[in-house]
Amino acid sequence: MKILIIEDEKKVARAIKERLEKEGFIATIAYNGEEGFFRVNSETFDLVILDWMLPGRDGIEILEIMRQKSISTPVIVLTARDSVEDKVTGLGAGADDYLIKPFAFPELVARIRALSRRGKKESAQHLSFAGIEMNLLTRKVSRDQKVLQLTNKEFELLEYLLRNKNKIVSRGMLSQNVWHEMARATPLDNVIDVHIAHLRKKIDDPFDTKLLHTLRGVGFILSEEIQ
Ligand code: CA
């Protein structure tokens, strides 16, 4: 598990890093907001420990931009300011948890483990691909943060395509897995094609990069590679 510590107090940052490494985590430090922001944008971490008070960009600013950019890495905010108002601000900005400084290390480790368990559970309820985000619980779908209104069938169709991203999906697979038709006298090809066309209008037409492609005589593919 790879953890980024964004903390300007060197002693505190190094103590956290040392402690996390003893627990078997891989820990990296960014000593200011700019560096932290850059690393969060350019690398993948499983968790970020983010100090609230940082020179340059402060912790909350970094957190808000991360969430705007749909970077959903769990974040634990460290704050020395023990006021209810600040906690609310931190959680409102997209923090998953917070700790008041000074904190006990076993507490930090316990929170990290709790968040990593939660993260695994949540990913089963969430599908994403190339800017498309699908929440299977709330049934919310968006692309590049733009909310898309899908019908139930379009939702199911997109869910199946997301689960099979970058793979060819035939009309037969769709009639079986989305329309739940095993064998039928009249093939569903026209029905499927109409739904694909409607879905494409919503997920692709307003965007430059097209994702849903028809492969003649074969089926469909959700992919960034084919243009
Ligand atoms: Ca600080």
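Colleague: Let's start small: in β2, which residue is the bridge partner of L4?
Modeller: Keep in mind that this is a predicted model. β1 and β2 run parallel and are joined by five bridges. In β2, the residue bridged to L4 is T28.

Colleague: And what is the order of the strands in the open sheet with parallel pairing?
Modeller: Besides its five bridges to β2, β1 pairs with β3 in the parallel sense over four bridges. Another four bridges, again parallel, link β3 to β4, which covers residues 75-79. With five strands in this open sheet, the order reads β2-β1-β3-β4-β5.

Colleague: Why is one side of β2 and of β5 left without a neighbour in the sheet?
Modeller: The sheet is open, and its order runs from β2 to β5. β2 and β5 each have one side free of sheet neighbours because each stands at an edge, with a single partner strand.

Colleague: How many degrees does the twist average from one strand to the next in that sheet?
Modeller: We're still on the five-strand sheet with parallel pairing. From each strand to the next, its twist averages 20°.

Colleague: I'm looking at I49 now; which residue is its bridge partner in β4?
Modeller: I49 sits in β3, where I5 stands opposite it. β3 is also joined to β4, and there L50 has V77 as its bridge partner. For I49, the β4 partner is I76.

Colleague: Which residues of β3 point the other way from L47, I49 and D51?
Modeller: In a regular strand, side chains alternate between the two faces of the sheet. β3 is mostly covered, with five of its five residues buried. L47, I49 and D51 point one way, and the buried residues pointing the other way are V48 and L50.

Colleague: Is β2 largely enclosed or largely open?
Modeller: β2 spans residues 26-30, and four of those five residues are buried. That leaves the strand, as far as the rest of the structure goes, largely enclosed.

Colleague: Which strands does α1 touch when it packs on the sheet?
Modeller: The sheet here is the one ordered β2-β1-β3-β4-β5. α1 makes an angle of about 170° with the direction of β2. The strands it touches are β1, β2, β3 and β4.

Colleague: Why are the buried residues A13, I16 and L20 on the same side of α1?
Modeller: An α-helix has 3.6 residues a turn, so residues three or four places apart point the same way. A13, I16 and L20 are the buried ones here. They end up on one side of α1 because, around the axis, they cover an arc of only 65°.

Colleague: Which exposed residues are on the face of α1 turned away from its buried side?
Modeller: α1 has 13 residues and reaches 18 Å from first C-alpha to last, close to the 18 Å expected. After it comes G24, with a positive phi near 95°. The face turned away from the buried side carries the exposed residues K11, E18 and K22.

Colleague: Is F103 buried or exposed?
Modeller: F103 lies in the loop between β5 (97-100) and α5 (105-123). Setting aside neighbours within four places in sequence, F103 contacts I16, L78 and L108. The cut-off for buried is under 20% relative accessible area. Since F103 comes in at 17%, it counts as buried.

Colleague: There's a calcium ion too; which residues coordinate it?
Modeller: The donors follow the spacing D-x42-D-x1-M along the chain. Of these, D8 is in the loop between β1 and α1, and M53 is 45 residues away in the loop between β3 and α3. D8 is partly exposed, at a relative accessible area of 26%. At 2.1 to 2.3 Å, the coordinating residues are D8, D51 and M53.

Colleague: Last one: which strands does helix α6 lie across?
Modeller: A second open sheet has four strands, ordered β6-β7-β8-β9 with antiparallel pairing. Its edge strands are β6 and β9, each pairing on one side only. Three bridges join β8 to β9, and R143 stands opposite K146 of β9. α6 (residues 152-163) runs at about 115° to β7 and lies across β6, β7 and β8.

Methods:
Residues numbered from 1 in each chain as written. Predicted model: local features only at pLDDT ≥ 70, side-chain atom pairs only at ≥ 80, totals over all residues. Heavy atoms only, no water. Donors = N, O, S within 2.8 Å, 3.2 Å for Na, K, Ca; no water. Helix = DSSP H or I, 4+ residues; strand = E, 2+ residues; numbered from the N terminus. Buried < 20%, exposed > 50% of the residue type's maximum accessible area, 1.4 Å probe, protein only. Pairing = 2+ DSSP bridges. Contact = heavy atoms within 4.5 Å. Axes fitted to C-alpha atoms, helices over the stretch in contact; angles between N-to-C directions. Expected span 1.5 Å × (residues − 1). Arc of directions from axis to C-beta.
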